[in-house]
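Biologist: I should like to learn how to read a few local features here, beginning with burial and then going on to strand pairing. Could you take me through them in turn?

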Amino acid sequence: MPAKRTTETPEGSTPPAGPGKGAVSVEGREVPAEAVTPLIRGVAVLRELTEAGGTLSLSALERASGLARSTVDRVTATLARMGYVRLDGRDVHLSPRLMELGNAYLSALRLPALLSPHADALADELDESVSLAVADRDGIRFIHQATRRRAMSLSFRIGDLLPAERTAPGPLFATEWTAADWQRWRERRAADPRDLSFTAVPPRAYGGDAEDDEAFVRRTREASTRGWALDDQLIEPGLVAISVPVRHPDPEGGIAGVASVVSHTSRHTARGLRTTLLPRLRSAVRTMERELQAAPPPEPGPPPSDLALWTGASKQRLGREFIESLARGLTVLTAFGEGRPELTLTEVSQATGLARATARRALITYEHLGLVATAGRTFTLTPRVLSLGFPPLSRTSLPAIAQPHLADLTSRIHESTSLAVLADSGEEIQYTARAATARVLSVNITVGTRLPAYATALGRVLLADAYDDAPTPTETLTSVRTQGYALVDEELEEGLRSIAVPIRDRSGRVVAALSAAMHASRRTPSECVTDLVPELTATAARIQTDLHTAARFTHVPLT
């Protein structure tokens, strides 16, 4: 069964530099004395990068976070060593591997795995966008998006946080609010009347007033009676949505999440949503609830162990700038996952290989920051974990994932490298990413170029997998499948030699190919195999790791 909703501290608060500075971070509470200062700073840096769309210069990050430049340098160096960010000159970019933190929350929650197929099917049936959301204090946070591709389409992402009062799911979640929850909401509305802390929505043109607040209270009462709620252009003109709660099988569990159909007024009016789409949405929600009722508990696999062991390596290996306490603290979040939604301190310590005292300080820090909630002796991740990079990274593509890896590979082997996919016809390849070498004589192919598949190394790798279940068309493709690479020697063009390896998705299917191409005078065919195949294979493995992480709960386009 999916984990129940938990609560955490408000999103708008920015963590301070750390204890001992006299700063107050969340709801007016002082930073706990046992909190891990580098971990607070690391979370602050990740949030600033997230709010900026995934990229900031080091100087801009310094200004946004309020941290000293030397601290920013050490934090980003540590995050880069973990693979969570990429340093490119003076710029810092979020990396797909960071999504493993959000994946830990989503897999522990189980709702995306169980309900997303039904949301996708509903989106196909209605030809409208469908979303799943969970409560995040006085906001709602998306955990799945099935978006229609149109000229006018939605821009919300998995992990985006919206103010409850400007959404259709908000009144449904508010039906379960306590008096303290309503008071927190009113305090937030007073402190941020234009919703400036909710960067996923346009700010209000005016600050709002008591009439707006009373309208939300009224919508909540109506939602409690009707069992559904409507957003009639509350976020921005033209956007309409209708929502129905998905309830826990446990009668005392309340609302597990909310399913919504989202459209715009050129397709449906608010009344049209109620009359046309609400019955089908309700039917889909009943199917989702049956899915939750019937879902067996996840198979208990072997618990993870020593996740943080690598952080204890020598400074010589990890770098002088490496902050061990930050890396260890972030590793704590990955101890959670499917079959591990609630962990005790002992279980966190065992999973990470950290001393109990070290794990405890990290958990205290996360509870203070709203990333972890406690219930008795157990800890759970909160939806706030998705604020650590997930929204911008959830819109990544395979070419975007591969491009930095191609650049690194080209700098090592001094040959042009490319990524390609098989075109819909199955007869051509399409280049989707390139990194050219700085040579007077180099391979000149641009992104978007199409070439005959069978005449290229990239194409033969792709064809070898495409025909894997069919009668083998040629001995050449059989050889490619067996040896794991394809070499094409001056067949496409005189003097051009290329070699390619496959890139596979989470199911093991080849979805792209990676190649190096050069003039035939630079390497013999034998040297291509001995010198380049290991480099290509290692790079393909790194691309696959990022792709598998990014694609666990999101759709990653191949082009």
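Modeller: Let us begin with P96, which in this predicted model has a relative accessibility of 11% and therefore counts as buried, since the cut-off for burial is under 20%.

Biologist: Where is P96 found, and with which residues is P96 in contact once its neighbours within four places in sequence are left aside?

Modeller: P96 is found in a loop, the one between β5 (91–94) and α4 (99–109). Leaving aside the neighbours within four places in sequence, its contacts are L393, I401, D546, T549 and A550. As for distance, R86 lies 10 residues away from P96 in sequence, and the two C-alpha atoms are 9.7 Å apart in space.

Biologist: Turning to strands, how many residues of β7 are buried, and which residues are bridge partners where β6 and β7 are joined?

Modeller: Strand β7, residues 139–146, is mostly covered, with 8 of its 8 residues buried. Strand β6 (residues 129–136) runs antiparallel to β7 and is joined to it by 7 bridges, and in one of the pairs S131 of β6 has Q145 of β7 as its bridge partner. The two strands form a hairpin with 2 residues between them, and in that turn R137 has a positive phi of about 55 degrees.

Biologist: Which strand is joined to β7 by 3 bridges?

Modeller: That is β8 (residues 161–163), which also runs antiparallel to β7; there, R141 of β7 has L161 of β8 as its bridge partner.

Biologist: For the sheet of 6 strands, what is the strand order, and why is one side of β17 and of β18 left without a neighbour?

Modeller: The order in this open sheet is β17-β16-β15-β20-β19-β18, and the pairing is antiparallel. Because β17 (450–452) and β18 (486–489) stand at the edges and each has a single partner strand, one side of each has no neighbour in the sheet. From one strand to the next, the twist averages 30 degrees. At the β17 edge, β16 (residues 428–435) is joined to β17 by 3 bridges, with the strands running antiparallel, and Q430 has R450 in β17 as its bridge partner.

Biologist: Which helix packs on this sheet, and which strands does that helix touch?

Modeller: Helix α18, residues 525–550, packs on the sheet and touches β18, β19 (496–504) and β20 (510–519), while the direction of α18 makes about 30 degrees with that of β19.

Technical notes. Residues are numbered from 1 along each chain as its sequence is written. This is a predicted model: local features need pLDDT of at least 70, side-chain atom pairs count only at pLDDT 80 or more; totals for chains, interfaces and linings use all residues. Side-chain values use heavy atoms; hydrogens and water are left out. Two strands pair if DSSP finds at least two bridges between them. Helices (H or I, at least four residues) and strands (E, at least two) are DSSP runs, numbered from the N terminus. Axes are lines fitted to C-alpha atoms, for helices over the stretch in contact, and angles run from 0 to 180 degrees between N-to-C directions. Contact means heavy atoms within 4.5 Å. Buried means under 20% relative accessible area, exposed over 50%, partly exposed in between (1.4 Å probe, protein chains only).
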